[in-house]
Amino acid sequence: MPQTLFDKIWDAHTIASGAGEAALVAIDFVFLHERTGAVALNSLQKAGREIRHPSRVFCTVDHIVSNAPERSESDARSPGGDVFIRETRAAAQRTGINFFDVMDPRQGIVHVIAPELGIVQPGATLVCPDSHTCSLGAFGAMAWGIGSSEAEHALATGTVRVAKPKQMRIRIEGQLGAGVSAKDLALHLIQVHGADGGQRMAIEFAGSTIRNMSVESRLTLCNLAVEFAAFTALIAPDAVTIDYLSGREFAPTGHVWHLARESWGKLRSDADAVFDAEIEIDAADVPPVVTWGTSPAQACSVRSGVPEIAALPAPAQASALKAMAYMGLSPGTAVMGLPVDGAFIGSCTNGRLEDLRAAASILRGRTVAPGVRAVCVPGSQSVRVDAEAEGLDKVFRDAGFSWGAPGCAMCFYAGGETFAPEARVMSSTNRNFEGRQGPGVRTHLASPAMVAAAAVSGCITDCRDVPGKAAT
Ligand SMILES: CC(C)[C@H](C(=O)O)[C@@H](O)C(=O)O
Ligand code: SF4
């Protein structure tokens, strides 16, 4: 019987399954961070249980660590957050898991460093108590977010109990237009099909647009799968994936690398595999997108605006009105020209080198508009070092951006640093619900190019109207 890529990875890892029940699935890698990972590690210790395979467990410090450039090893963004950092460090040392501490050159946001270090691999299973673990499916892995108590189970047993999800294929064909990125594609998908459009399914992204995408863009696309209510996303591995992994610290080496490469190259859905649902998108139809509301689905082309209430389906009207009130917007308002107070570039969605380059090309030779607070936080130490080697930090700083130390930073409010209440912020992140970036902060999700264009214009602007300049 023809199988999907997901079926193949599922079957290879299923230890036991009963009809209609959750299966017991073997887990190759567990990733933790100091916010939810610390909870799992502490609880495991209290129960007197050991980690079954410490060498296959990885942990970073990203969520509440300070993003101040001169931070020291336990500085947190939120009052009391240092306790999580210290406890995580102590638990990592006690258990002997792989730990990327605050000052480690490998530190960064979990979903940024798992690829950089070659920890996520095609055909593997990887879980992490963090919802954006779906990003890592970009490598053809079965990677998904779990809760802290499931993480405890995974640590103790090397398995998790999970029901097999249904499957969807989203085919995207053709070339994205100039100034249009994987972020726009993801927001467009969610806008058109709704924030629940993924229906808890495992989604395979396929088609020529995907095959022509860099690994970094694939990660951005898969990152937003959870905002589409998918179980996870995945992309069949190809030469782009394999080239990216070659030589990375935890990728296989020598003879094993050659064997792995050969098997990864064959890992794909069979031509006649059947999916429970299919969506097709023409890449040429995707505009630069910006959200106007408090759900990623409340989005529009930058050339359009906040909808008229009567134009919305009845069930969506009340939430749209509530979102408009929070965002300080009225029906029918154009998004272009809305004055912004803040700009944030970073996060596991768009905090990689490609994202920083896209923003820098717009910032080069320009300055942030008066009154706009602009912040860039690279997603990892490695992104920071590479960006600095190219002089991107200088481009950001010269333009008037602050340049922070790697971590989740202002992607989510941890209780400390934030923008002012009611500040309108263009953000390269993935969530825009009320208070996500701080009490009263009005988040507009968009691509790094769109955030940079707004920062220098002082208002939401079509990034295609602010021509980029390449490095000289
Ligand atoms: C804190 C963590 C559990 C959370 C998540 O699961 O996604 C965070 O990363 C987020 O983006 O909201
Ligand atoms: S960068 Fe944001 S979305 Fe990503 S893991 Fe951190 S808090 Fe979650």
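Domain bounds here come from an automatic or database domain assignment. With that in hand, let us walk through this predicted model, starting with its overall build and ending with a few individual residues.

The assignment splits the protein chain into domain 1 (7–165 + 239–265), domain 2 (167–234 + 269–285) and domain 3 (289–465). Domains 1 and 2 are each written as two stretches of sequence, while domain 3 is given as one. Across the protein chain you will find 16 helices and 19 strands. The C-alpha trace spans about 55 × 50 × 45 Å along its principal axes. A compact globule of 472 residues would have a radius of gyration near 23 Å, and the protein chain, at 21 Å, agrees with that. Buried residues account for 54% of the 472. Contacts also reach far along the sequence: of those between residues at least 6 apart, 76% join residues at least 24 apart.

Now look at how domain 1 and domain 2 meet. Their C-alpha centres lie 24 Å apart, and 18 residues of domain 1 are in contact with 17 residues of domain 2. On the domain 1 side, helix 4 (110–116), strand 7 (142–145) and helix 9 (239–245) each supply at least two residues. Strand 7 gives the largest share of that side, four residues. By class, the side of domain 1 that touches domain 2 holds 10 nonpolar and eight polar residues, and no charged ones.

Helix 9 is worth a closer look, and Val-240 is a good place to begin, since this residue sits in that helix. Is Val-240 buried or partly exposed? Val-240 counts as partly exposed because 15 C-beta neighbours lie inside 10 Å, whereas a buried residue needs 20 or more. Leaving aside neighbours within four places in sequence, Val-240 is in contact with Ser-214 and Val-215. Measured on another scale of the model, Val-240 and Pro-331 are 91 residues apart in sequence and 44 Å apart in space, C-alpha to C-alpha.Helix 8 (residues 215–223) shows how covered a helix can be in this model: eight of its nine residues are buried. Those buried residues are Glu-216, Ser-217, Arg-218, Leu-219, Thr-220, Leu-221, Cys-222 and Asn-223.

Next comes the nonpolar interior. In soluble globular proteins, nonpolar side chains tend to be buried together. The largest nonpolar core here has 150 residues, and Val-30, Ala-343 and Val-451 touch the most other members. Helix 16 (residues 448–457) gives the most to this core, with eight residues. To see the packing from one point, centre your view on Ala-343. Not counting residues up to four places away in sequence, Ala-343 touches Val-372, Ala-374, Val-425, Met-426, Val-451, Ala-454 and Ala-455.

Two ligands come next. Which residues surround ligand 1? The shell is made of Arg-35, Thr-36, His-63, Asp-130, Ser-131, His-132, Gly-145 and Phe-412. By class, these are one nonpolar, five polar and two charged residues. Ligand 2 is surrounded by His-63, Ile-109, Asp-130, His-132, Ser-347, Cys-348, Cys-408, Cys-411, Phe-412, Thr-429 and Asn-430. This shell divides into five nonpolar, five polar and one charged. Domain 1 and domain 3 each give at least three residues to the shell around ligand 2. If you compare the two lists, His-63, Asp-130, His-132 and Phe-412 appear in both.

One member of the ligand 2 shell, Ser-347, also has an unusual backbone entry to check. Phi of Ser-347 is near 85°, a positive value in a residue other than glycine. Ser-347 lies in helix 12 (residues 347–350), and counts as buried because 28 C-beta neighbours lie inside 10 Å. Gln-199, likewise not a glycine, has a positive phi of about 45°. Its setting is the loop between helix 6 (182–193) and strand 10 (202–206). With 17 C-beta neighbours inside 10 Å, Gln-199 counts as partly exposed.

The tour ends at Ala-47, in the loop between helix 2 (37–46) and strand 4 (57–60). Ala-47 is exposed, because 9 other C-beta atoms lie within 10 Å. From Ala-47 to Arg-268 the separation is 221 residues in sequence and 41 Å in space, C-alpha to C-alpha.

Notes
Residues numbered from 1 in each chain as written. Chains lettered and ligands numbered in written order. Predicted model: local features only at pLDDT ≥ 70, side-chain atom pairs only at ≥ 80, totals over all residues. Near = placed C-beta within 6 Å. Nonpolar A, V, L, I, M, F, W, Y, C, P; charged D, E, K, R; others polar. Contact = placed C-beta atoms within 7 Å. Core = buried A, V, L, I, M, F, W, Y, C linked by C-beta atoms within 7 Å. Buried ≥ 20, exposed ≤ 12 C-beta atoms within 10 Å, placed from the backbone. Rg over C-alpha atoms; globule rule 2.2 N^0.38 Å.
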